[in-house]
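Q: Hello! I am new to reading protein structures, and I would like to go through one feature by feature. Could we look at it together?

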Amino acid sequence: MPRSWTSDFWSNGSENGFEREAWAVENTYGELIGRISLREIDRKRNQARLGITFGSPYVGHGYGTEALSRFLSYYFRVCGYSTMLLDVAAPNQRAVRSYLNLGFEYVSSDWRQASSLFDKRILEQPSYRALRCFFQLERLRVRVEFYEMRLDYLRWLNLERLATAR
């Protein structure tokens with residue numbers, strides 16, 4: 001499968017006093033298929049918050065999981081961070097499973113207002129029945145549940161050692 005991530009990164013400056021960095025994810029043909037970013041970089045706490053985005057043709061093929069798996073090694077070993085944080089929309093169950101498989105642990109959840117472009121009628125379709133529990137339908141707005149997740153270096157290292165031993 002043609003997949004890779006490149007260590008080239010660009011800086012988007014700072015956000016709320018925190019640094020922000022991003023890396024391109026390319027396939028083996030050099031085509032840009034996504035990006036991995038860090039925001040809320042906190043050097044004192046030795047942690048940052050993950051952002052990961054892939055073009056729609058590349059979603060659901062394992063590219064994100066593979067790229068993030070490789071990036072985690074870079075993040076912990078080369079950059080020397082001790083914790084990675086992320087927040088993910090709970091209805092994005094594919095992403096949640098990927099993060100859990102990579103060793104992330106659930107920390108907490110919160111409810112956020114959905115985009116004004118979100119059409120709540122989609123939740124009436126039978127194929128979305130299982131996702132309804134992640135939405136709060138109110139008269140004038142829709143709220144979506146988000147999970148806060150984290151991965152600590154020692155947990156990642158132990159999982160990495162187990163995978164290597166197989």
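Q: Let me start with Trp23: is it buried or exposed?
A: Good place to begin, and please keep in mind that this is a predicted model. To decide, look at the relative accessible area: under 20% means buried and over 50% means exposed. Trp23 has a relative accessible area of 1%, so it is buried.

Q: What is the overall pattern of helices and strands along the sequence?
A: A helpful habit is to list the elements in order before looking at details. Here there are three helices and eight strands. From start to end they follow the pattern β-β-β-β-α-β-α-β-β-β-α.

Q: How many of the protein's residues count as buried, as a percentage?
A: The figure is 38% of the 166 residues. You can also ask how far along the chain contacts reach. Taking contacts between residues at least 6 apart in sequence, 56% join residues at least 24 apart.

Q: Which residues touch the most other members of the largest nonpolar core?
A: They are Leu38, Phe71, Leu72, Tyr99 and Phe104, in a core of 40 residues. Several elements each supply at least two residues, including β2 (18–26), β3 (32–42), α1 (63–78) and β8 (142–152). The largest share, eight residues, comes from α1.

Q: Which residues is Phe104 in contact with, leaving aside its neighbours within four places in sequence?
A: Looking past the close neighbours shows you what the fold brings together. For Phe104 the list is Leu68, Leu72, Met84, Leu86, Tyr99, Met149, Arg150 and Leu151.

Q: In which sense do β3 and β4 pair?
A: To read a strand pair, ask about the direction and then look for the bridges. β3 and β4 pair in the antiparallel sense, over seven bridges. Two examples let you follow the pairing: Gly34 has Phe54 in β4 as its bridge partner, and Ile36 has Ile52 in β4. The two strands form a hairpin with four residues between them, and Asn46 in that turn has a positive phi of about 60 degrees.

Q: Why is β3 described as largely enclosed by the rest of the structure?
A: Eight of its eleven residues are buried, so β3 counts as largely enclosed. β4 is mostly covered, with six of its eight residues buried.

Q: Is Leu32 buried or exposed?
A: Leu32 is in strand β3, yet its relative accessible area is 58%, so it is exposed. Apart from neighbours within four places in sequence, Leu32 is in contact with Ala24, Val25, Glu26 and Tyr58. You can also compare sequence with space: Leu32 and Gly55 are 23 residues apart in sequence, with their C-alpha atoms 8.8 Å apart.

Q: How many bridges join β4 to β5?
A: There are three, and these two strands run parallel. In one of the bridges, Ala48 is partnered with Met84 in β5. Now add the helix: β4, α1 and β5 make a right-handed β-α-β unit.

Q: How many aromatic pairs are there?
A: The count comes to 14. A pair of aromatic rings is described by the distance of the centres and the angle of the planes. Take Trp23 and Tyr74: they are 6.0 Å centre to centre with 75 degrees between the planes, an edge-to-face pair. Trp23 lies in strand β2 and Tyr74 in helix α1, so this pair ties together parts 51 residues apart in sequence.

Q: Why is the pair of Tyr106 and Tyr147 called edge-to-face?
A: Their ring centres are 5.3 Å apart and their planes are at 85 degrees, so the pair is edge-to-face. Tyr106 lies in strand β6 (residues 105–113) and Tyr147 in strand β8, so the pair ties together parts 41 residues apart in sequence. As for exposure, Tyr106 is partly exposed at 47%, while Tyr147 is buried at 15%.

Q: Which residues form one aromatic cluster with Trp23?
A: Trp23 is joined in that cluster by Phe71, Tyr74, Tyr75, Phe76, Tyr81, Tyr153 and Trp156.

Q: Last one: how many disulfides are there?
A: A disulfide is a covalent bond between the sulfur atoms of two cysteines. In this model the count is zero. You can still read the exposure of individual cysteines: Cys79 is partly exposed at 32% relative accessibility, and Cys133 is exposed at 52%.

Conventions. Residues numbered from 1 in each chain as written. Predicted model: local features only at pLDDT ≥ 70, side-chain atom pairs only at ≥ 80, totals over all residues. Heavy atoms only, no water. Disulfide = S-S within 2.5 Å. Buried < 20%, exposed > 50% of the residue type's maximum accessible area, 1.4 Å probe, protein only. Core = buried A, V, L, I, M, F, W, Y, C linked by side-chain atoms within 4.5 Å. Contact = heavy atoms within 4.5 Å. Pairing = 2+ DSSP bridges. Right-handed = clockwise from strand over helix to strand, strands pointing away. Phe/Tyr/Trp six-rings, centres within 6.5 Å; stacked < 30°, edge-to-face > 60°.
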